[in-house]
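Here is a quick tour of a model, written to be read with the viewer open. Follow along in the structure as the sections go by.

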Amino acid sequence: MSESQILAPPAAACAWLQAEGITDIALFAPEATAADFAGMTLLPADAEQGAGAVVVGDLAQRWNFQTLNRAFRLLVSRPAPRLLALGMTRYWHAPAGLQLDTGPFVAALQYAAGIEPVVLGKPAPAFFDAAVAAVGSSPGQTLMMGDDIRGDVAGAQRAGLKAALVRTGKFRPTDLHGDIRPDAVLDSVGDLPAWWQKHER
């Protein structure tokens, strides 16, 4: 797999911003992500107005009250900017255990500012549509594999894909007893070839 075959939310966000003609952004994401927005004007780290869009990713330990409140102040300034989420995943499995991901912080900002976010990562159907298009497939002929019952499985199924849940990472046994039904449940990615041969039509 080449780098060009990897579809990441920042690339989708840049494409959306360019299509909307938005260049001034306030970025709440890891420093490494800033390089993906090289064509945009990034507001200073203390700016509380002047953003065309507030882009929220996973800041992990860098989230604190001041940072979250600055994002809120940007969103309620006038003219009101757009709120872009680089995903709405609730949590992920870090080496030290489960850790909040982007979704809860976007949800807090959405609630406080009364602004509906534009989601440019999982579980947005448009993100899965773009991934399917990138590999030249169609939703009905594509299988998504992931360990997140909502962000991966439910998101993919809403976009018309088949979805396999793997019992790794953030998987929890309770995932199998909710309202989301994976098309397959595998112990690991290594089980995919055998499953595929059995179910290929």
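## The sheet and the helix across it

Start with a single pairing: Gly146 has Leu165, in E9, as its bridge partner. Four bridges in total join E8 to E9, and these two strands run parallel. Keep in mind throughout that this is a predicted model.

Zoom out a little and the pair turns out to belong to an open sheet of three strands, ordered E8-E9-E10, with parallel pairing. E8 and strand E10 (184–186) are the edge strands; each has a single partner, so one side of each has no neighbour in the sheet. From one strand to the next, the twist averages 25°. Helix H7 (residues 192–199) lies across E8 and E10, and its direction makes an angle of about 150° with E8.

## H6, a helix mostly under cover

Is helix H6 (residues 149–158) largely enclosed or left open by the rest of the structure? Seven of its 10 residues are buried, so H6 is largely enclosed. The buried set is Ile149, Gly151, Asp152, Val153, Ala154, Gly155 and Ala156. Among the elements covering them are helix H5 (125–134), strand E8 (143–146) and strand E9 (162–166).

Both ends of H6 have something to look at. At the start, a side-chain oxygen of Asp148 comes to within 2.9 Å of the backbone nitrogen of Arg150. Just after the helix, Gly160 adopts a positive phi of about 90°.

## Salt bridges around H6

Asp148 has another job to show: its side chain meets that of Lys170 in a salt bridge, at 2.8 Å from N to O. Lys170 sits in the loop between E9 and E10, while Asp148 sits in the loop between E8 and H6, so the pair ties together parts 22 residues apart in sequence. Lys170 is buried, at 5% relative accessible area, and Asp148 is buried too, at 7%.

Within H6, Asp152 makes a salt bridge with Lys122, where the closest N and O atoms are 2.7 Å apart. This one links distant parts of the chain, from helix H6 to the loop between E7 and H5, with the two positions 30 residues apart in numbering. Asp152 counts as buried at 5% relative accessibility, whereas Lys122 counts as partly exposed at 31%.

## Two cis prolines and an unusual alanine

Lys122 is worth a second look, since a cis peptide bond joins it to Pro123, with omega at about 5°. Pro123 is in the loop between strand E7 (118–119) and H5. There is also a cis peptide bond from Arg78 to Pro79, where omega is near 0°. Pro79 is in the loop between H3 and E4.

Which residue has a positive phi although it is not a glycine? That is Ala60, with a phi of about 50°. Ala60 is placed in the loop between E3 and H3, and its relative accessibility of 30% makes it partly exposed.

## The nonpolar cores

Where does the largest nonpolar core have its most contacts? This core has 19 residues, and those with the most contacts inside it are Phe28, Val54, Val56, Leu74, Leu75 and Leu83. At least two core residues come from each of strand E1 (24–28), strand E3 (53–56), helix H3 (65–76), strand E4 (82–85) and helix H4 (102–113). H4 gives the largest share, four residues. There is a second, separate core of 16 residues, and Ala13, Ala53, Leu84 and Leu120 are among them.

Leu74 is a good place to stop and turn the view. Setting aside neighbours within four places in sequence, Leu74 is in contact with Ala26, Phe28, Leu43, Ala47, Glu48, Gln49, Ala51, Val54 and Pro81.

## Back to Glu48

Glu48, one of those Leu74 contacts, also pairs with Arg73 in a salt bridge, at 3.1 Å from N to O. Arg73 is in helix H3 and Glu48 in the loop between strand E2 (41–42) and E3, distant parts of the chain 25 residues apart. Arg73 is partly exposed, with 41% relative accessible area, and Glu48 is partly exposed at 34%. The full count for the model is four salt bridges.

Conventions
Residues are numbered from 1 along each chain as its sequence is written. This is a predicted model: local features need pLDDT of at least 70, side-chain atom pairs count only at pLDDT 80 or more; totals for chains, interfaces and linings use all residues. Side-chain values use heavy atoms; hydrogens and water are left out. Buried means under 20% relative accessible area, exposed over 50%, partly exposed in between (1.4 Å probe, protein chains only). Contact means heavy atoms within 4.5 Å. A polar contact is a pair of N or O atoms within 3.5 Å; within protein, one must be able to donate a hydrogen and the other to accept it, and residues adjacent in sequence count only if both atoms are side-chain atoms. A nonpolar core is a set of buried Ala, Val, Leu, Ile, Met, Phe, Trp, Tyr and Cys residues joined through side-chain atoms within 4.5 Å. Two strands pair if DSSP finds at least two bridges between them. Axes are lines fitted to C-alpha atoms, for helices over the stretch in contact, and angles run from 0 to 180 degrees between N-to-C directions.
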